[in-house]
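Me: I would like a close look at a single part of this structure. Please examine one sheet and the residues that belong to it, and then place that part in its wider setting.

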Amino acid sequence: MLTRNCLSLLLWVLFDGGLLTPLQPQPQQTLATEPRENVIHLPGQRSHFQRVKRGWVWNQFFVLEEYVGSEPQYVGKLHSDLDKGEGTVKYTLSGDGAGTVFTIDETTGDIHAIRSLDREEKPFYTLRAQAVDIETRKPLEPESEFIIKVQDINDNEPKFLDGPYVATVPEMSPVGAYVLQVKATDADDPTYGNSARVVYSILQGQPYFSIDPKTGVIRTALPNMDREVKEQYQVLIQAKDMGGQLGGLAGTTIVNITLTDVNDNPPRFPKSIFHLKVPESSPIGSAIGRIRAVDPDFGQNAEIEYNIVPGDGGNLFDIVTDEDTQEGVIKLKKPLDFETKKAYTFKVEASNLHLDHRFHSAGPFKDTATVKISVLDVDEPPVFSKPLYTMEVYEDTPVGTIIGAVTAQDLDVGSSAVRYFIDWKSDGDSYFTIDGNEGTIATNELLDRESTAQYNFSIIASKVSNPLLTSKVNILINVLDVNEFPPEISVPYETAVCENAKPGQIIQIVSAADRDLSPAGQQFSFRLSPEAAIKPNFTVRDFRNNTAGIETRRNGYSRRQQELYFLPVVIEDSSYPVQSSTNTMTIRVCRCDSDGTILSCNVEAIFLPVGLSTGALIAILLCIVILLAIVVLYVALRRQKKKDTLMTSKEDIRDNVIHYDDEGGGEEDTQAFDIGALRNPKVIEENKIRRDIKPDSLCLPRQRPPMEDNTDIRDFIHQRLQENDVDPTAPPYDSLATYAYEGSGSVAESLSSIDSLTTEADQDYDYLTDWGPRFKVLADMFGEEESYNPDKVT
């Protein structure tokens with residue numbers, strides 16, 4: 001306290017004595033504790049050329065935070081050099097907190113804090129002071145700015161913002177191994193005093209861990225901490241301000257530390273001998289028991305591998321590791337038989353998969369135990385002497401013939417009798433039977449190899465003492481062939497011989513086939529039948545390889561004399577009993593060239609002249625066809641010429657009638673329709689069916705009203721056109737429609753000269769010019785006829 005007062009006095013002497021006159025006051029901290037000494041002198045107005053001694057100008061006040069006194073806290077005093085104490089100066093205050101946090105005595109310039117302040121909320125306030133003439137209300141001096149700083153007190157304890165903490169450290173770590181660093185935060189002013197100076201310490205967790213008091217780093221304090229002994233640790237850390245002195249505030253946090261596992265423990269079997277009991281009927285691959293070695297480590301450090309040590313009985317079993325439980329599962333590799341061996345003993349070794357080299361000196365990380373397996377007797381089904389029975393039987397063997405036998409035994413200690421029967425599912429047709437006591441198999445029906453060459457069915461054996469215990473075996477019966485079919489020619493042959501053949505020529509090679517199952521080495525022999533061998537035209541040469549050749553015996557053959565020859569060939573096999581057959585071959589005589597190439601084998605060729613070749617025949621046929629074509633063409637031309645002559649006759653006036661009842665050709669289109677469709681007026685009374693199309697079904701003739709005499713032909717045509725338009729059988733396109741009527745009732749009567757009573761000279765066709773443009777061509781045509789000279793027409 002004395003030091004602070006002396007420092008304040010020294011500063012006052014320096015400023016007030018004129019030793020220091022700052023041009024611009026800078027904020028600085030005061031160490032004064034007496035509020036009455038906090039005075040700010042406001043400089044008065046002076047002439048620029050008059051040097052005066054400046055008063056003590058101090059532009060920073062201090063106020064304690066968290067003030068709890070009954071009176072407002074005094075902050076400081078404003079004073080102007082122009083204030084002579086006569087009450088003519090008024091002091092005003094503005095800025096941060098003016099009027100709400102701080103007040104000023106307008107006469108004395110004393111500043112007070114009217115409420116408690118918190119430095120952590122707002123560390124300082126910037127205000128402006130003004131000295132005003134109380135009468136004129138004019139400023140006596142320029143406005144001056146100053147700061148009121150909230151002086152810190154130790155009112156905040158250190159806090160661990162990230163707590164509680166969780167940390168891990170490997171077990172068996174050495175002393176001083178790093179664990180975690182904690183950090184506490186103090187809201188007090190770190191630049192003032194020791195309010196924010198924190199010191200760390202451990203309240204709970206010794207002697208396992210230690211902490212650095214300045215940095216907050218936690219480290220291990222004991223060696224060889226074992227996770228298997230204790231895994232979790234809860235450490236209580238304290239942070240205290242004021243450098244840890246008395247009166248400082250403190251905060252705490254919890255650090256949960258877990259020791260992580262290392263492979264520092266080998267697996268150990270809890271007992272040295274494991275006893276297992278296994279039924280002899282256990283299937284191969286089934287799990288027959290479990291053993292377990294205990295490893296206090298965790299995770300992959302506790303993974304165990306089991307192995308069977310080679311020894312007695314170990315080759316019958318296998319062991320694998322259950323990844324979930326880390327147990328050793330013993331499985332059966334081969335079948336067990338109580339009657340053969342009743343017990344097995346072997347050793348199992350358990351070892352870690354992941355080793356830590358730091359702990360090799362502790363010894364081998366494995367353990368061994370003995371496993372004893374006792375085989376339990378089980379009532380088993382009978383056992384057949386063979387896994388498969390194969391038998392043979394000749395076809396056509398009499399029913400009831402024994403062809404073989406099966407044998408099954410009960411191998412249990414108390415042997416029981418065995419009964420046999422055929423599985424009906426595999427032999428539904430009941431071709432065989434079995435003796436239930438002896439196991440002999442006999443035929444139940446006649447067998448045919450050509451129908452079924454092999455039979456496959458099952459025999460079931462059951463114990464008399466326990467019929468539910470059964471076993472099954474497959475029976476394979478091959479049906480042997482009996483030579484019952486004679487050999488025959490394999491395929492039908494089409495054999496031909498040339499007319500110019502020479503003796504000794506082979507004209508066909510034949511082979512034989514036998515429906516019997518021919519044994520290896522069987523031979524077929526070929527020969528002529530006895531009746532054909534007397535005076536043969538052909539003979540058979542046996543090649544001794546199951547084939548034979550048809551050989552000629554004459555010098556030339558004539559189709560005129562005999563076209564076909566029938567050759568009986570006897571084929572015989574070599575099995576027992578010997579079977580033979582006679583096969584008749586047909587040999588056709590054909591005409592061949594000099595090289596032996598067949599030219600013709602037809603029957604008609606016999607009657608052709610000798611020496612006439614095929615090319616000559618073709619030439620003759622072509623000539624006949626050409627002559628016929630010329631004759632047909634000539635007749636057609638003659639008929640066409642005659643028809644043209646008839647059509648050009650002037651006596652037939654119909655060739656000058658041109659129809660114009662199409663819609664697209666115009667007057668000049670005379671090729672649109674066939675004018676031959678005009679009909680003779682004599683058939684006018686016949687059934688009027690349209691001839692331009694072929695109707696699907698005949699329709700009744702339409703009833704036309706009778707025409708009156710002297711009716712204009714134009715009205716008649718219009719009437720027919722209307723009838724055609726409403727006719728449902730009319731086609732949907734333009735076509736020629738003949739009405740079979742030429743206007744017998746008109747004034748002009750018929751235009752045709754047929755059946756006409758008058759001659760052309762008596763006809764007057766001038767009225768055609770009055771019928772309009774449609775009849776212009778017709779009028780011109782008949783008008784020109786008048787100029788013709790009738791005498792010149794023949």
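Reply: The account below begins with the chain as a whole, turns to one sheet, and then follows other links in the chain.

The model is predicted. Its protein chain has 4 helices and 40 strands. Of the 794 residues in the protein chain, 36% are buried. The accessible surface of the protein chain comes to about 48,200 Å², and carbon and sulfur atoms account for 53% of that surface. Contacts across the sequence are also informative: among contacts between residues at least 6 apart in sequence, 66% join residues at least 24 apart.

The part chosen for the close look is an open sheet of 4 strands, which run in the order β24-β31-β30-β27. The pairing within this sheet is mixed. Strands β24 (388-394) and β27 (418-422) stand at the edges. Each of these edge strands has a single partner strand, so one side of each is left without a neighbour in the sheet. On average, neighbouring strands of this sheet are turned by 30 degrees against each other, direction ignored.

Within the sheet, β30 and strand β31 (residues 470-480) pair in the antiparallel sense, over 9 bridges. One residue pair makes this concrete: Ile459 has Val473 in β31 as its bridge partner.

Strand β30 also holds a residue that appears in a database record. UniProt places the feature "glycosylation site" at four residues, namely Asn256, Asn456, Asn537 and Asn545. Of these, Asn456 has its place in strand β30. Is Asn456 buried or exposed? With a relative accessibility of 52%, Asn456 counts as exposed, because the term applies to values over 50%. Leaving aside residues up to four places away in sequence, Asn456 touches Ser426, Asn474, Ile475 and Leu476. Another residue from the UniProt list, Asn545, lies in the loop between β36 (538-542) and β37. Asn545 has a relative accessible area of 48% and is therefore partly exposed.

Strand β30 takes part in a salt bridge as well. Asp379 forms this salt bridge with Lys463, and the closest N and O atoms are 2.3 Å apart. The pair links distant parts of the chain: Lys463 belongs to strand β30 (residues 454-463), whereas Asp379 sits in the loop between β22 (366-376) and β23 (383-384), with the two positions 84 residues apart in the numbering. The two partners can also be described by their accessibility. Lys463 is buried, with a relative accessible area of 2%, while Asp379, at 40% relative accessibility, counts as partly exposed.

This salt bridge belongs to a wider set, since the structure holds 18 salt bridges.

A further example is the salt bridge in which the side chains of Asp110 and Lys77 meet, at 3.3 Å from N to O. Here too the pair links distant parts of the chain: Asp110 is in strand β6 (residues 110-113) and Lys77 is in strand β3 (residues 73-80), 33 residues apart. Asp110 has a relative accessibility of 15% and counts as buried, whereas Lys77 is partly exposed, with a relative accessible area of 23%.

The side chains of Arg559 and Glu499 also meet in a salt bridge, at 3.2 Å from N to O. These two residues are 60 residues apart and link distant parts of the chain. Arg559 is in the loop between β37 (547-552) and β38 (564-572), and Glu499 is in the loop between β33 (495-498) and β34 (506-513). Arg559 is buried, with a relative accessible area of 6%, and Glu499 counts as partly exposed at 25% relative accessibility. Salt bridges may also join into a network, as they do among Arg227, Glu228, Glu231 and Asp261.

A second open sheet may be set beside the part examined above. This sheet is formed by 3 strands in the order β10-β13-β12, with antiparallel pairing. Strands β10 (178-181) and β12 (209-211) stand at its edges with a single partner strand each, so one side of each has no neighbour in the sheet. Neighbouring strands of this sheet are turned by 25 degrees against each other on average, direction ignored. Strand β10 pairs with strand β13 (residues 217-220) in the antiparallel sense over 3 bridges. In β13, Val217 is the bridge partner of Gln181.

Notes
Residues numbered from 1 in each chain as written. Predicted model: local features only at pLDDT ≥ 70, side-chain atom pairs only at ≥ 80, totals over all residues. Heavy atoms only, no water. Salt bridge = Lys/Arg side-chain N within 4 Å of Asp/Glu carboxyl O. Buried < 20%, exposed > 50% of the residue type's maximum accessible area, 1.4 Å probe, protein only. Pairing = 2+ DSSP bridges. Axes fitted to C-alpha atoms, helices over the stretch in contact; angles between N-to-C directions. Contact = heavy atoms within 4.5 Å. Areas by Shrake-Rupley, 256 points an atom, 1.4 Å probe, with all protein chains shown as cover. UniProt positions renumbered as here; feature names shortened; annotations may be inferred.
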